[in-house]
Amino acid sequence: MQPGMRLADGQYVVERPLGAGGMAIVYLVTRTEDGAPLALKVLNSPSPSQQGRLIREGRAQKTLRHEHIVAVTDVLKVGGLPALLMEYIDGPSLERVIPRVRLTLDQVDALFRGVLAGMAAAHVGGFVHRDLKPGNVMLALDEGRVVAKVADFGLVKAEDANHTVAETRTGAMMGTPAYMAPEQVRDAKDVDSRADVF
């Protein structure tokens with residue numbers, strides 16, 4: 001997508017790319033109605049399984065309203081592929097900060113408590129993240145304080161029957177190996193919230 005491109009019947013204007021991952025590109029977009037900055041995560045693969053995963057991610061994250069979780073406001077179609085309209089976080093990921101900034105103990109404690117609070121809200125909401133790592137924790141500035149916000153629920157799994165978001169084969173390994181609980185390495189389908197705590 002090019003800067004200046006209009007999306008969703010002109011409701012949003014593409015400003016610039018913010019970053020790219022294995023299956024999606026995230027763009028900064030502006031809402032034409034009020035100029036508010038938002039992030040748009042656009043799938044870059046026509047794979048039906050990846051499309052389904054992004055839609056499930058959006059539906060799950062849209063139900064989770066918490067200060068320490070990146071808010072998803074809508075699931076759209078862009079160029080025939082699913083896309084997530086999200087809260088724009090004007091800050092780096094924790095992964096980028098750790099090697100560059102020597103955080104104080106108080107800062108580490110505040111960020112850690114924020115991540116715990118966000119994950120507790122996800123678990124109460126019936127979801128297991130399954131890919132919690134520094135690269136999926138964004139840092140936002142809010143009135144002079146740094147707020148940790150959990151992002152990227154792409155491997156989300158529902159823990160209860162009220163949600164139908166996960167489609168994981170028994171015995172499948174899903175997640176980032178260096179951050180996975182041992183039971184998740186063996187079988188991602190049957191893990192519960194304890195895997196996120198690990």
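**Helix H3, the nonpolar core and the salt bridges**

Helix H3 has 20 residues, which at 1.5 Å a residue should span 28 Å, and its end C-alpha atoms are indeed 28 Å apart, in agreement with that expectation. The expected span is taken as 1.5 Å times one less than the number of residues in the helix. Helices (H or I, at least four residues) and strands (E, at least two) are DSSP runs, numbered from the N terminus. The structure is a predicted model, in which local features need pLDDT of at least 70 and side-chain atom pairs count only at pLDDT 80 or more, while totals for chains, interfaces and linings use all residues. Residues are numbered from 1 along each chain as its sequence is written, and side-chain values use heavy atoms, with hydrogens and water left out.

The buried residues of H3 are Leu111, Gly114, Val115, Gly118, Met119, Ala122 and His123. Here buried means under 20% relative accessible area, exposed means over 50%, and partly exposed lies in between (1.4 Å probe, protein chains only). These buried H3 residues pack against H2, strand E7 (127–128), E8, E9 and helix H5 (193–197). Just after H3, Gly126 adopts a positive phi of about 95°.

H3 also features in the largest nonpolar core, where a core is a set of buried Ala, Val, Leu, Ile, Met, Phe, Trp, Tyr and Cys residues joined through side-chain atoms within 4.5 Å. Among its 16 residues, Leu64, Val115, Ala122, Val137, Leu139, Ala148 and Phe153 touch the most other members. At least two residues each are supplied by helix H2 (94–97), helix H3 (105–124), strand E8 (137–142) and strand E9 (145–150). H3 gives the largest share, four residues. Leaving aside neighbours within four places in sequence, Leu64 is in contact (heavy atoms within 4.5 Å) with Ile69, Ala121, Ala122, Gly125, Phe127 and Phe153.

Turning to charged pairs, a salt bridge is a side-chain nitrogen of Lys or Arg within 4 Å of a carboxyl oxygen of Asp or Glu. The count by this rule is 10 salt bridges. One of them joins the side chains of Lys41 and Asp152 (3.3 Å, N to O). This pair links distant parts of the chain, 111 residues apart: Lys41 sits in strand E4 (residues 37–43), and Asp152 in the loop between E9 and E10. Lys41 is buried, with a relative accessible area of 10%, whereas Asp152 counts as partly exposed at 29%. Together with Glu57, Lys41 and Asp152 are linked in a network of salt bridges.

A further salt bridge connects the side chains of Glu87 and Lys149 (3.1 Å, N to O). Glu87 belongs to strand E6 (residues 81–87) and Lys149 to strand E9, so this pair too links distant parts of the chain, 62 residues apart. Lys149 is buried, at 9% relative accessible area, and Glu87 is partly exposed, at 24%.

Back in H3, Asp109 forms a salt bridge with Arg113, the closest N and O atoms being 2.9 Å apart. The two are separated by about one helical turn because they are four residues apart in the helix. Asp109 is partly exposed at 34% relative accessibility, and Arg113 is exposed at 55%.

Elsewhere, Ala181 lies in the loop between strand E10 (157–158) and helix H4 (182–186). Ala181 counts as buried because its relative accessibility is 0%. Beyond its neighbours within four places in sequence, Ala181 is in contact with Ala195 and Phe198.
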